[in-house]
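Please open the structure in a viewer and keep the selection panel at hand. The tour below proceeds stop by stop.

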Amino acid sequence: MMSIAPERIAALLPQTQCQQCGYPGCAPYAQALSRGEAALNLCTPGGQTVINDLADLLQLPTMRPADPKRAKKNKSIAYIDETQCIGCTACIRACPVDAIFGATKQMHTVIASECTGCELCIAPCPVDCIYLQPVNDKWLPRSHNLTNKLQEDRFAAATQAQIRYKHHCERLERLLQQKNAHINPCNKKNDSKSISNSASAGHHQVVAAADLIAKAMQRAQTLQTHRKVPENQQNFQQQQIVKAQQHAAYRRAVRNLQSGNEDEKIAALKWLQEYKRQQ
Ligand code: SF4
Ligand code: SF4
Ligand code: SF4
């Protein structure tokens, strides 16, 4: 096999970062291919098209997709049943391209044009209110520059996903820095705003800022200790979550009974019979 730079291999991948190849993203899969350590038929969203292109580039015989059933499936985008969403933000944290919009304890919604259908938001949802809706698009996301020419759309979509993923990583990096600065205010010394022209003035500024923050944190902690969280409020929230989870289990059973595989149908039927008995 020819040794090819991982960047050239990654340029052929759909960039959804879905991890369905078994690697934690497109770049790690490209690196493994470049080292000759991975099979070239693992990228489910890429399907036969990407396998053929990889085979050409790496000068290897082409193969069938490792999971042909899944590779043949229509592309899908995520949809959130907003009436069931409890605003836990778990899906936002899971989405590698920041295609979910929402805030804590608020309903969440998917930005359909940016969703790559990677499915990473489905499992973390505690109330199972995220569904996949099949779409006719050949490549996702529905980036803004689509041309209706298959090859060009493929690369436009991959570029769009890659840009969103890059912004997502940068956002996480910024959040981490802010968190670190908050935990240890002295880290602010790296912040250009806190560096004064004179070293000694800068030192005093940083110490003063650290002192103020420590005092504010102490005040907040004291308030928190003396604040009475109404017990009934906590109980109510807990009941709402349990209720939402029960609704989710019911919807999942009905869905499996209608369109699951044989095992899922049998399990769903059992679950619904038990549910009916308890009601
Ligand atoms: S798009 Fe393909 S290469 Fe990228 S993470 Fe998903 S399966 Fe792996
Ligand atoms: S919203 Fe779309 S892109 Fe984001 S995690 Fe869910 S399926 Fe993936
Ligand atoms: S994970 Fe589910 S419940 Fe939580 S915010 Fe997302 S859609 Fe709503």
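Helices (H or I, at least four residues) and strands (E, at least two) are taken here as DSSP runs, numbered from the N terminus. Residues are numbered from 1 along each chain as its sequence is written, while chains are lettered from A and ligands numbered from 1 in the order in which they are written. The model is predicted: local features need pLDDT of at least 70, side-chain atom pairs count only at pLDDT 80 or more, and totals for chains, interfaces and linings use all residues.

**The whole protein**

Begin with a cartoon view of the protein, which shows 9 helices and 4 strands. Followed from the N terminus, the elements run α-α-α-α-β-α-β-β-β-α-α-α-α.

A residue is called buried if 20 or more other C-beta atoms lie within 10 Å of its own, exposed if 12 or fewer, and partly exposed in between, with C-beta atoms placed from the backbone. Of the 279 residues of the protein, 23% are buried. Two residues are in contact if their C-beta atoms, placed from the backbone, lie within 7 Å. Among contacts between residues at least 6 apart in sequence, 55% join residues at least 24 apart.

**The largest nonpolar core**

Nonpolar side chains tend to be buried together in soluble globular proteins. A nonpolar core is a set of buried Ala, Val, Leu, Ile, Met, Phe, Trp, Tyr and Cys residues joined through C-beta atoms within 7 Å. Select L13, Y29 and C121, which touch the most other members of the largest such core, a set of 41 residues. At least two residues of this core come from each of α1 (6–10), α2 (26–34), α3 (47–58), β1 (76–80) and α6. Domain 1 (6–71) and domain 2 (74–183) each supply at least three of its residues; the domain bounds come from an automatic or database domain assignment.

Which residues does L13 contact, leaving aside its neighbours within four places in sequence? They are C26, Y29, A30, C43, G46, V50 and A158.

Next, select D53 in helix α3. Its C-alpha lies 9.5 Å from that of L13, although the two are 40 residues apart in sequence. D53 counts as partly exposed because it has 19 C-beta neighbours inside 10 Å.

**Helix α2**

Now select C26, Y29, A30, L33 and S34, which are buried residues of α2. They lie on the same side of α2, because they cover an arc of only 140° around the axis; the arc is that of the directions from the helix axis to the C-beta atoms. An α-helix has 3.6 residues a turn, so residues three or four places apart point the same way. The cover over the buried residues of α2 includes α1 and α3. Just after α2, G36 has a positive phi of about 75°.

Move on to T44, in the loop between α2 and α3. Is T44 buried or exposed? T44 counts as buried because it has 22 C-beta neighbours inside 10 Å. Leaving aside its neighbours within four places in sequence, T44 is in contact with Q20, P65, D67, R70 and A71. P65 is 21 residues from T44 in sequence and 7.2 Å from it in space, C-alpha to C-alpha.

**The three ligands**

A residue is near a ligand if its C-beta atom, placed from the backbone, lies within 6 Å of it. Ala, Val, Leu, Ile, Met, Phe, Trp, Tyr, Cys and Pro count as nonpolar, Asp, Glu, Lys and Arg as charged, and the others, Gly among them, as polar.

| Select | Residues around it | Nearest | Classes |
|---|---|---|---|
| Ligand 1 | 16 | C18, Q20, C21, C26 and C43 | 9 nonpolar, 7 polar, no charged |
| Ligand 2 | 14 | A78, C95, C115, C118 and C121 | 11 nonpolar, 2 polar, 1 charged |
| Ligand 3 | 15 | C85, C88, A90, C91 and C125 | 11 nonpolar, 4 polar, no charged |

**Backbone details in the loops**

Select D98, in the loop between α5 (90–94) and β2 (100–101). D98 is not a glycine, yet its phi is positive, at about 50°. It is partly exposed, with 15 other C-beta atoms within 10 Å.

Continue to E119, in the loop between β3 (109–110) and β4. E119 also has a positive phi, near 75°, in a residue other than glycine. With 18 other C-beta atoms within 10 Å, E119 is partly exposed.

Finish at P141, in the loop between β4 (130–134) and α6 (150–183). The peptide bond from L140 to P141 is cis, with omega near 5°.
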